[in-house]
Amino acid sequence: MTCVFAILAVSVHACDIHKNYLSHPHLGRRQNLRRAEGREELDWEYSRSFDWHTIRPEYATCQSGTNQSPINLISSQGLATTHQPDFSGYAAHPEVAGNFFNWGFGPAYTLHHEGEDFSTLPAMKFDDQTLFLSGWHIHLPSEHLVDGVRSRAELHMVHVDAAGEAKSVVGIRIDPSQDPNVKSAFMDSLPELIHFNDTAEMEGVMTYPMAQIEEVSSVKEYWTYQGSLTTPPCSEGLRWFVPKDSLKVSVEQMVKLLGASRFSHRVEQTVLLHQINV
Ligand SMILES: *[C@@H]1O[C@H](CO)[C@@H](O)[C@H](O)[C@H]1NC(C)=O
Ligand SMILES: [Zn+2]
């Protein structure tokens, strides 16, 4: 197999490691490594996430919002019976192609789509809304707490409307399993993880979005609430789904994830008008 890295040659990755990094019917053999477009210069830091509103007026909502994320979820208050998310639209896209990179804090992925039209991406429905999976990224440790306990990581599956505006996030906590037979198929399907300092971006990486969903019992049991982006400008109006199950990875997978990621959780927010499970 020949490997052509267009702009940035990161030769430490041997090509045969990327078994899923093969040609895609719509992409031909576009397999490039280049600087990640998803990486912007940030004017905020996680070590000061309690104070983001002081940086710029545009970040005011981070302090004065009434639906800020993340929050602590309390299991004795029960799980949701409303807004049941339906991932059957994912079935039409068993495999998707996208760009794999590190968002500066952990692994990240954006799905390829045609132009400005997001409606061809895997669809998730709840109530009367149809939203589309535009990508995912991982935080370390988890942003959401359950009964005050923080998981080792959290996967955010971002869903947008047809115009590309973020409307809902599925926040899947990730924990290592003590069972030596447990291994995450989702983690296993990824190429070798890209380090947080490495701006390389791999194009045309095939992934299987249903894997993450199935690994948390298809999100049949979950908490849901009205929340926000967990990074500035902390915009509100997003419906969060947090599956009851955390995604279980092997210790070896966890060690790799820890090594490629860095501290990226926002401080716990006060519950005000979040309407948890309402
Ligand atoms: C990451 O990059 C920063 C800034 O260039 C550098 O100071 C730091 O040593 C790097 N860390 C690692 C682990 O490579
Ligand atoms: Zn996130």
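Leaving aside its neighbours within four places in sequence, with which residues is Ile174 in contact? In this predicted model, the partners of Ile174 are Ile138, Ser151, Arg152, Ala153, Glu154, Leu155, Ser246, Leu247, Val249, Met254 and Leu257. Ile174 also belongs to the largest nonpolar core, which has 44 residues. Within that core, Ile174 is one of the residues that touch the most other members, together with Phe100, Trp136, Leu155, Met157, Phe186 and Leu257. A second core, separate from this one, holds 10 residues, among them Trp52, Tyr59, Phe101 and Trp103.

The metal site comes next. The zinc ion (ligand 2) has three histidines as its protein donors: His137 and His139 through NE2, and His156 through ND1, at 2.0 to 2.1 Å. Along the chain, these donors are spaced as H-x1-H-x16-H. Distant parts of the chain are thereby linked, with His139 in strand E6 (residues 129-139) and His156 in strand E9 (residues 153-160), 17 residues apart. Both of these histidines are shielded from the surface: His139 counts as buried because its relative accessible area is 1%, and His156 is likewise buried, at 2%.

Strand E6 can also be followed to its pairing partner. Strand E5 (residues 123-126) runs antiparallel to E6, and 4 bridges join the two. Across this pairing, Met124 stands opposite Leu131 of E6. The hairpin formed by E5 and E6 has 2 residues between the strands, and Asp127 adopts a positive phi near 50° there.

Terms used: Residues are numbered from 1 along each chain as its sequence is written. Chains are lettered from A and ligands numbered from 1 in the order in which they are written. This is a predicted model: local features need pLDDT of at least 70, side-chain atom pairs count only at pLDDT 80 or more; totals for chains, interfaces and linings use all residues. Side-chain values use heavy atoms; hydrogens and water are left out. Donors are N, O and S atoms within 2.8 Å of the metal (3.2 Å for Na, K and Ca); water is not among the atoms, so sites may look incomplete. Buried means under 20% relative accessible area, exposed over 50%, partly exposed in between (1.4 Å probe, protein chains only). A nonpolar core is a set of buried Ala, Val, Leu, Ile, Met, Phe, Trp, Tyr and Cys residues joined through side-chain atoms within 4.5 Å. Contact means heavy atoms within 4.5 Å. Two strands pair if DSSP finds at least two bridges between them.
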